[in-house]
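Here's a walk through one model, from a single strand residue out to the cores, a helix pair and some odd backbone spots. Have a look at the chain first.

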Amino acid sequence: YVQAAEPVNIPMKNHFPTREDQFLALQNTSEFDVLVIGGGATGCGCALDAVTRGLKTALVERDDFSSGTSSRSTKLIHGGVRYLQKAIMRLDFEQYRMVKEALHERANLLEIAPHLSGPLPIMLPVYKWWQLPYYWVGIKLYDLVAGSQCLKSSYVLSKSRALELFPMLQKDRLVGAIVYYDGQHNDARMNLAIALTAARYGAATANYTEVVHLLKKTEPKSGKEYVCGARCRDVLTGQEFDVKAKCVINATGPFTDSVRKMDDQEVSNICQPSAGVHIVMPGYYSPDNMGLLDPATSDGRVIFFLPWEKMTIAGTTDTPTEVTPHPIPTEEDINFILTEVRNYLSCDVEVRRGDVLAAWSGIRPLVTDPSSKDTQSISRNHVVAVSDSGLVTIAGGKWTTYRSMAQDTIDAAIQAHNLKAGPCKTVGLLLQGAKDWSPTLYIRLVQDYGLESEVAQHLASTYGDKAFEVAKIAQVTGKRWPIVGKRLVSEFPYIEAEVMYGIKEYACTAVDMISRRTRLAFLNVQAADEALPRIIDIMGKELHWSEQKKKEELESAKKFLYYEMGYKAKSEQLTDSSEITLIPSDIDRYKKRFHMFDKEKKGFITILDVQSVLESISIQIDENTLHEILNEVDLNKNGQVELDEFLQLMSAIQKGYVSGSRLAVLMKTAEENLRERVVIPVDRSGGGL
């Protein structure tokens with residue numbers, strides 16, 4: 001339970017303004033009290049804090065809301081177990097204070113957005129007897145620091161009970177386990193909920209609005225220059241305009257120093273970026289409602305292994321990196337995570353590289369001394385700094401503490417610029433979708449609109465009480481069931497109506513839709529790739545895109561999936577594993593299977609060859625799908641699959657580099673069907689019946 005701050009007196013708009021309305025507000029307002037640069041969790045938190053205090057507020061983001069680090073987290077709302085360990089071991093009061101603050105913020109986030117967040121039990125397996133009391137004391141202290149805001153008391157499990165709850169756990173040498181509770185959320189949607197809530201309270205928020213340079217004015221008496229706004233550019237149209245403000249806040253995460261240098265070229269860097277890579281694997285790798293924490297990996301980093309959106313998320317790495325708007329997950333980091341996962345899972349579970357459905361890299365904006373090289377020992381605490389010219393910078397921190405970071409920032413801004421505002425009102429302030437949400441809301445969606453239960457649960461947990469607005473615009477399927485709600489891809493509960501609703505939520509590109517309005521790109525890159533044409537059709541119709549614009553959007557989204565969501569690393573598993581390591585008997589078996597399709601002994605198979613075999617066993621697959629199936633294996637992209645390419649595929653499947661190959665399964669099924677249909681001749685003898 002969180003004691004809410006005093007109520008906000010500003011009326012909330014029934015509907016959030018359109019992007020065009022927001023641009024008019026930015027251009028036509030003579031002067032804002034606060035202009036926030038950055039649409040991540042902290043920037044949107046600053047905008048919400050400022051506007052609810054009665055300040056005239058604007059926010060600009062050069063990409064989409066939550067397009068950077070805020071959508072690429074571990075999805076945990078946590079106080080930081082390992083920070084508490086450091087606080088105790090080093091008697092570091094600052095680390096303790098940070099954990100205490102984060103645990104309060106954890107409780108607040110679960111309170112203000114219950115549809116997007118919830119408690120998650122996390123298991124800490126123990127493999128040495130002496131570690132059991134050591135870890136137990138540490139986890140109990142974590143509960144103690146949380147006090148009345150402890151989600152649920154931690155407890156110890158015997159070996160047999162731990163394996164019952166987490167059956168895929170490594171059995172050998174397991175002594176027992178400790179389970180503690182933290183929070184989990186849908187990070188990009190949470191970020192968007194903060195932005196939309198700020199917009200409904202009256203903040204002029206605009207994505208795809210880049211700051212070209214800061215505006216400055218000179219004070220006549222002292223001759224000193226002060227930041228008084230920013231020159232902005234609409235990324236989508238190229239239009240430029242000035243936004244004047246009494247105070248400008250720099251909340252740009254990893255790009256903190258680039259905005260600080262707009263203010264003062266000579267300023268030294270305060271941000272040391274660190275890359276964290278995560279991977280997503282099928283849901284069967286973890287129980288539905290139990291996470292796993294590896295407290296001491298081979299190189300000392302902590303790895304989480306968590307259920308999320310019916311999948312399993314594993315990460316994270318922690319390596320120094322360069323700042324880039326498009327971080328790319330490396331094969332080295334993906335394999336490091338897989339290796340650590342193998343150490344904790346039973347040998348009965350084959351952890352395959354081919355089961356990595358998506359991978360991404362997020363850049364943590366750690367605040368540190370520029371000469372420091374060890375990013376693991378850096379505190380995740382935040383820093384608020386006011387420059388000589390009045391630019392307020394908020395840097396560091398973590399997702400969980402975004403609200404308190406925003407509060408400290410607006411407090412500093414009010415003091416530095418003598419703004420007239422009341423106290424912070426964001427503690428206990430419900431976010432978009434939370435007001436009338438309940439755990440059973442999805443049942444009404446099923447009953448009132450005829451949605452599938454899985455789709456209804458997804459809508460309720462994504463949009464909260466706004467799920468009814470999505471259901472209202474869902475098209476009738478024409479089937480007996482479901483009555484409304486056509487899915488974008490069969491295995492995920494995202495429906496076409498969400499694309500239309502996403503445009504109302506300021507989605508401007510296909511990438512916005514597959515990665516942040518829905519989370520398809522983060523869950524399965526191939527499924528996101530399949531959904532793209534339909535998404536672009538719907539967006540094109542709603543936003544009046546030309547055929548050329550649709551083509552550009554498709555190319556841009558495919559490039560995003562290929563580089564930033566791990567499709568490149570996934571697709572290269574065939575080419576990187578070009579060495580065929582099959583034993584002779586397997587090679588003979590696979591050659592026979594191949595020649596069942598390549599009847600003319602050409603050395604390759606085409607769509608026509610596959611169609612011919614499928615027709616003989618009464619299987620029908622349309623030509624476009626067959627083209628996609630062959631294209632997955634056609635490495636040299638010449639429209640045909642050679643014998644070597646097929647053997648490479650089978651070799652990669654055996655080694656676990658590739659999983660779920662449609663061509664391999666199709667050819668195996670066809671071979672088995674043909675074998676069953678072979679007529680065995682029987683000669684009658686001796687007049688027998």
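Leucine 215 touches Tyr226, Val227, Cys228, Gly229, Ala230, Arg231, Asp242, Val243 and Lys244, leaving out residues up to four places away in sequence; contact here means heavy atoms within 4.5 Å. This is a predicted model, where local features need pLDDT of at least 70, side-chain atom pairs count only at pLDDT 80 or more, and totals for chains, interfaces and linings use all residues. Residues are numbered from 1 along each chain as its sequence is written, and side-chain values use heavy atoms, with hydrogens and water left out.

Leucine 215 sits in strand β8 (residues 209–218). Helices (H or I, at least four residues) and strands (E, at least two) are DSSP runs, numbered from the N terminus. One of its partners, alanine 230, is 15 residues away in sequence, yet the two C-alphas are 4.9 Å apart. Is leucine 215 buried or exposed? Its relative accessibility is 12%, so it counts as buried; the cut-offs are under 20% relative accessible area for buried, over 50% for exposed, and partly exposed in between (1.4 Å probe, protein chains only).

Now for the cores. A nonpolar core is a set of buried Ala, Val, Leu, Ile, Met, Phe, Trp, Tyr and Cys residues joined through side-chain atoms within 4.5 Å. The largest one has 64 residues, and those with the most contacts inside it are Leu48, Ile249, Tyr402, Leu431, Leu445, Leu451 and Leu459. Helix α7 (residues 187–200) gives the most to this core, chipping in eight residues. Apart from it lies another core, of 60 residues, with Phe304, Ile514, Ala521 and Trp545 among them. Back to tyrosine 402: setting aside neighbours within four places in sequence, its contacts are Ala41, Thr42, Gly45, Leu109, Ile112, Ile194 and Leu431.

Next, helices. α9 (residues 331–344) runs for 14 residues and reaches 21 Å from first C-alpha to last, close to the 20 Å expected at 1.5 Å a residue; the expected span is 1.5 Å times one less than the number of residues. Its buried residues are Asp333, Ile334, Phe336, Ile337, Leu338, Glu340, Val341 and Tyr344.

How do α20 and α23 pack? The axes of α20 (residues 584–597) and α23 (residues 643–654) come within 10 Å and cross at roughly 130°. The contact is made by Asp586, Ile587, Tyr590, Lys591, Arg593 and Phe594 of α20, with Leu643, Phe646, Leu647, Met650 and Gln654 on the α23 side. Axes are lines fitted to C-alpha atoms, for helices over the stretch in contact, with angles from 0 to 180 degrees between N-to-C directions. The two helices are therefore oblique to each other (under 35 degrees is roughly parallel, over 145 roughly antiparallel, 65 to 115 roughly perpendicular, the rest oblique).

Finally, the backbone. Most residues other than glycine have a negative phi, and most peptide bonds are trans. These spots break with that:

| Spot | Backbone value | Loop |
|---|---|---|
| Glycine 315 to threonine 316 | cis, omega near 20° | Thr316: between β14 (311–315) and β15 (319–320) |
| Tryptophan 481 to proline 482 | cis, omega near -5° | Pro482: between α13 (467–472) and α14 (497–504) |
| Arginine 173 | phi near 65° | between α6 (159–165) and β6 (176–185) |
| Lysine 310 | phi about 65° | between β13 (303–308) and β14 |

Arginine 173 counts as exposed, at 62% relative accessibility. Lysine 310 is exposed too, with a relative accessible area of 63%.
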